[in-house]
Amino acid sequence: MSLQEIKIFLKQKLASKIDAVELSSLIGMLIEAVTGWNRMQQIVNVNTAFTKEQQLQIEDYAEQLLLGKPIQYILGNAWFMGNELMVNEHVLIPRPETEELVEWIISYASIMNKPLSIIDIGAGSGCIPIALKLSLPLCSLTGLDISKEALAVAEINANNVKASIEWIEQDILNTAALDNTYDIIVSNPPYIPIREKANMQEQVVGFEPAIALFVSNEDPLIFYKAIAKMAKQNLSTNGQLFFEIHYDQGKAILALLDELNFHAELRQDSFGKNRMIRASLK
Ligand SMILES: C[S@@+](CC[C@H](N)C(=O)[O-])C[C@H]1O[C@@H](n2cnc3c(N)ncnc32)[C@H](O)[C@@H]1O
């Protein structure tokens with residue numbers, strides 16, 4: 001089959017499952033993954049024949065897309081703040097909203113204009129500490145996660161860009177205090193109440209790690225509560241907490257932080273949804 005025929009095959013196979021605009025972009029990505037050709041080279045090579053092996057690879061990718069698997073897990077990579085990261089079933093696919101949280105931290109740290117020590121709780125793929133280390137090379141970065149498998153991915157990602165980061169395997173819900181103090185504690189913890197699962201896309205529910213997504217309906221703020229309590233002992237003077245939050249939980253988390261003696265500021269993401277919080281002790 002030529003590249004042109006491969007495109008037709010993919011469109012016919014996937015059109016009922018994926019909308020046309022997204023599908024066109026996915027097809028370009030699959031062809032690039034199999035041939036190494038960028039979009040311009042794909043135009044030039046429109047009549048070039050695929051090898052049998054390349055064809056089989058494309059067919060396998062198409063089957064995975066039909067099952068609803070996100071392209072990032074199929075190809076094993078995702079982009080975050082201009083960095084290509086390895087991802088697998090043990091880590092959340094980094095989201096654009098989280099990039100906005102990181103941008104907020106970078107602008108705050110730049111104003112502070114001194115090397116800061118920063119910990120990310122629930123580091124997953126390592127997207128947050130890696131992006132922070134690359135933008136703020138004088139700061140010291142630590143990433144903590146309960147998942148050994150996620151930390152293995154984070155470590156590979158950090159090594160790939162030569163970002164020196166300390167990794168800690170720890171359950172934050174069973175940690176009264178950390179071993180060190182930090183100028184910034186950041187977290188994008190699991191925050192989706194499990195009752196929302198039924199209304200979520202199969203791409204997320206079926207493939208992303210549940211441990212990264214869900215909290216109980218009874219105690220949806222459990223991570224914010226645990227981290228804020230711990231932060232009272234582990235934030236340096238004038239230290240800051242940065243959280244990504246569920247758009248629906250802004251007011252509740254502000255109330256929780258107030259109760260725990262923090263000043264807090266709520267910000268919206270670029271979709272206008274309450275999405276992040278900065279807090280410091282009163
Ligand atoms: C929403 S994901 C965030 C991943 C990454 N920071 C990002 O922004 O894409 C939450 C992360 O918290 C980790 N996690 C879940 N429960 C935890 C716990 N009790 N202690 C520490 N980390 C936990 C999960 O393994 C997951 O990597």
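These are my notebook entries on a predicted model of a protein chain with a ligand.

**Entry 1: the chain.** I started with the overall layout. The protein chain splits into domain 1, residues 3-67, and domain 2, residues 89-281. I then looked up how far apart the two sit: the centres of domain 1 and domain 2, taken over C-alpha atoms, are 36 Å apart.

**Entry 2: who surrounds the ligand?** Next I went to the ligand. There are 23 residues around it, and the ones that come nearest are G122, D145, D171, I172 and N188. I sorted the shell by class and got 14 nonpolar residues, six polar ones and three charged ones.

**Entry 3: polar contacts.** Which atoms of D145 come 2.7 Å from a ligand oxygen? I found that it's an N or O atom in the D145 side chain. For G124 I noted a backbone N or O atom, 3.4 Å from an oxygen atom of the ligand. I146 also uses its backbone: a polar atom there lies 3.2 Å from a nitrogen atom of the ligand.

**Entry 4: how covered is it?** I checked the ligand's surface too. On its own the ligand exposes 600 Å², and the protein buries 96% of that.

**Entry 5: the pocket.** I looked up where the ligand sits, and the space it takes is the second largest pocket. Which elements give two or more residues to the shell around the ligand? I wrote down helix 7 (127-135), strand 4 (140-145) and helix 10 (210-213).

Definitions and conventions. Residues are numbered from 1 along each chain as its sequence is written. This is a predicted model: local features need pLDDT of at least 70, side-chain atom pairs count only at pLDDT 80 or more; totals for chains, interfaces and linings use all residues. Side-chain values use heavy atoms; hydrogens and water are left out. A residue is near a molecule or strand if one of its heavy atoms lies within 4 Å of it. A polar contact is a pair of N or O atoms within 3.5 Å; within protein, one must be able to donate a hydrogen and the other to accept it, and residues adjacent in sequence count only if both atoms are side-chain atoms. Accessible areas come from the Shrake-Rupley method with a 1.4 Å probe; for residues, only the protein chains shown count as cover. On a 1 Å grid over the protein atoms alone, a cavity is a set of points where a 1.4 Å probe fits but cannot get out, and a pocket is an open set with protein on both sides within 12 Å along at least five of seven lines; lining residues have an atom within 4 Å of a point. A molecule sits in a cavity or pocket if more than half of its atoms lie within 2 Å of its grid points. Helices (H or I, at least four residues) and strands (E, at least two) are DSSP runs, numbered from the N terminus. Ala, Val, Leu, Ile, Met, Phe, Trp, Tyr, Cys and Pro count as nonpolar, Asp, Glu, Lys and Arg as charged, and the others, Gly among them, as polar. Domain bounds come from an automatic or database domain assignment.
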